[in-house]
Amino acid sequence: MSSGPGDVLDLIRHGRATTRGDVLEVTGLSRMTISQRLDALLAAGMIVEGQTREATGGRRRRSLAFNTSQSHVLVVAIDTTHTRIAVTDLGGSVLVEDSIDAPVTAGPSDVLDRIVLAMGAVLGKQGLDANDLCGLGVSLPASVDPESGRPSQPPMLPGWDAYPIAEHLQPAVPGVPVVIANDADAAGMGEYAAGYTQVSSLCLVKVSTGIGTGIVIGGRSYSGVDGGAGDIGHVAVSPRSDALCQCGMHGCLASVASGRAVAAELRALGFEATSGRDVKALLQAGEPEAARVTQVAGRRIGEVMAMMVCLLNPGVVLVGGDLASAPLLAGMRETLYRHALPRATRHMALQLGLLGEDAAVAGMTRLVVDREFSAVAVNARLRLVGAEGSARGPASPAGSPSPR
Ligand SMILES: [Zn+2]
C-alpha cells in the first residue's frame, strides 16, 4: 500500500475498513503508522469515530466512517426543460434544493445566468457560501469532453457545443473545483453508490427527452476517450425511417424511442405532450395509450441494450429518466433477453433505478467526492496542512478540504 493517510481514507470511504482492526488487517501496516494516519484524518475532520460497537472477544471496537458532514457539494442537474439545484452532504443526501424552468434551447449564456441566481438563492437558504463547498458538480444531457470538461457536439443542446460552463459558473463560487459530467453517467454513479457497490459492472439507461447510458466499471464511471461511451441514442436502428433525429440524422434510436419520440406519437393521438416530462405525467395518470407507446419504445431500446450487454456483461442494468416505468421495463425485457446471449444475461438484473430523479444529484456528489477525496488529493492536502502547521502553528482544515 502506498504511503499516506489518504490511502487509509480510501479504504474507509469505500467500506473496505470500518474499524482500526480492519485497517491493520487490510494494510499490514504497523499499529503506530495506522494511528498516525488515522489521527491526521481525525484532526482534519475527514473521518469520525463512531460509538463503541458490540464487544467481540472481549475487545471494544469503535467504528470509523467518512465524515459526510465536513463539507458540502453544490449540484446543478441540467435537463432539457428544467434544472435542479441542490446542496448535498458528502454522502449525497440533499440538504436544500430548488428547481427552475429553464429550457436549454434558450442557449447556455441565458440558462447559466439563471442558474447562477438560483445557486446563490439555494446556498443562502442554507446559510452557506463558497467556503462551505468542496465542489460544484454539473450534470447535463450531453457528452462531455474529458479533456476540456465542455459539452461535445450535443444534439439536444443547440448552441452549447464546447461552451465553457465551468468558466461561466466559477465567479459565483470562487476557488471551488468544478466537475462536469453527462447526466446518465452521473445517474449511473449515483445508483452505484446508493446500492450497487458490490457490482463490478453496472449500466444505467436514462430515457427522458433523449436516451443515454451511464457505465460504471470497477466503481468508476466510464465515459470513453471522447466522452461518448454509452451514447446509444444515436445508434441507427431504422435507417430508412422518416423520423428525423435532433442530431440531423434519420432513424436514430432517439428518433423512435426517446421521450421526445413517444411524446410526438402521443401528440398524433390527441394528447398534449412535447417532452419526456409530459410523457411521465401521462404515465403517472395511468393513461393506457401512454403505457402502450412507452412499451413499444422499450422494445427498441432493449434491442440496442442487448448489444451493450453483450459487450459489457454487466451485473445490473438499471432504467432511469422520465420514462422509467413498468411499461418501459416490460418492453425492454421482451427484446433484450431475446437479442442477447443467455451467458451475458444469466446473472444480470434488469430493473428500475432505486433513486429516481435523485440519481444524477447523488452521482454528481459522488464524482466530486471521488475526485476531491482521492488518496492522492488527500495526501497532497494533508502534506500542505502539515507544512503550514509547522510554520504557522496548528491549521484547522476541517470544512475547507480544498487548498485555495
Ligand atoms: Zn440522432
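Student: What counts as a donor of the zinc ion?

Tutor: Donors are N, O and S atoms within 2.8 Å of the metal (3.2 Å for Na, K and Ca). Water is not among the atoms, so sites may look incomplete. Here the donors of the zinc ion follow the spacing H-x10-C-x1-C-x4-C along the chain. They are His234 (ND1), Cys245 (SG), Cys247 (SG) and Cys252 (SG), at 2.0 to 2.3 Å. A caution: this is a predicted model, where local features need pLDDT of at least 70, side-chain atom pairs count only at pLDDT 80 or more, and totals for chains, interfaces and linings use all residues. Residues are numbered from 1 along each chain as its sequence is written, and side-chain values use heavy atoms, with hydrogens and water left out.

Student: Which geometry does the site of the zinc ion have?

Tutor: Ideal angles are 109.5 degrees for four tetrahedral donors. Four donors count as tetrahedral if all angles lie between 85 and 135 degrees. The angles at the zinc ion are 102 to 125°, so the site is tetrahedral.

Student: Is Cys245 buried or exposed?

Tutor: Buried means under 20% relative accessible area, exposed over 50%, partly exposed in between (1.4 Å probe, protein chains only). Cys245 has 5%, so this residue is buried. Cys247 has 30% and counts as partly exposed.

Student: In what order do the five strands of the open sheet stand?

Tutor: Strands (E, at least two residues) and helices (H or I, at least four) are DSSP runs, numbered from the N terminus. Two strands pair if DSSP finds at least two bridges between them. The order here is β5-β4-β3-β6-β7, with mixed pairing. β5 and β7 (178–182) stand at the edges; each has a single partner strand, so one side of each lacks a neighbour in the sheet.

Student: Which strand pairs in the parallel sense with β3?

Tutor: β3 (residues 72–78) runs parallel to β6 (residues 133–140), joined by six bridges. Val75 has Gly137 as its bridge partner in β6.

Student: How many bridges link β4 and β5?

Tutor: Seven, in the antiparallel sense, between β4 (residues 82–88) and β5 (residues 94–101). Thr83 has Ile100 as its bridge partner in β5. The two strands form a hairpin with five residues between them. Gly92 in that turn has a positive phi of about 95°.

Student: Where do the domains of the protein chain run?

Tutor: Domain bounds come from an automatic or database domain assignment. Domain 1 covers 5–67, domain 2 covers 72–182 + 361–368, and domain 3 covers 187–359. The C-alpha centres of domain 1 and domain 3 lie 41 Å apart.

How values were computed: Tetrahedral: all angles 85-135°; square planar, octahedral: opposite > 155°, others 65-115°.
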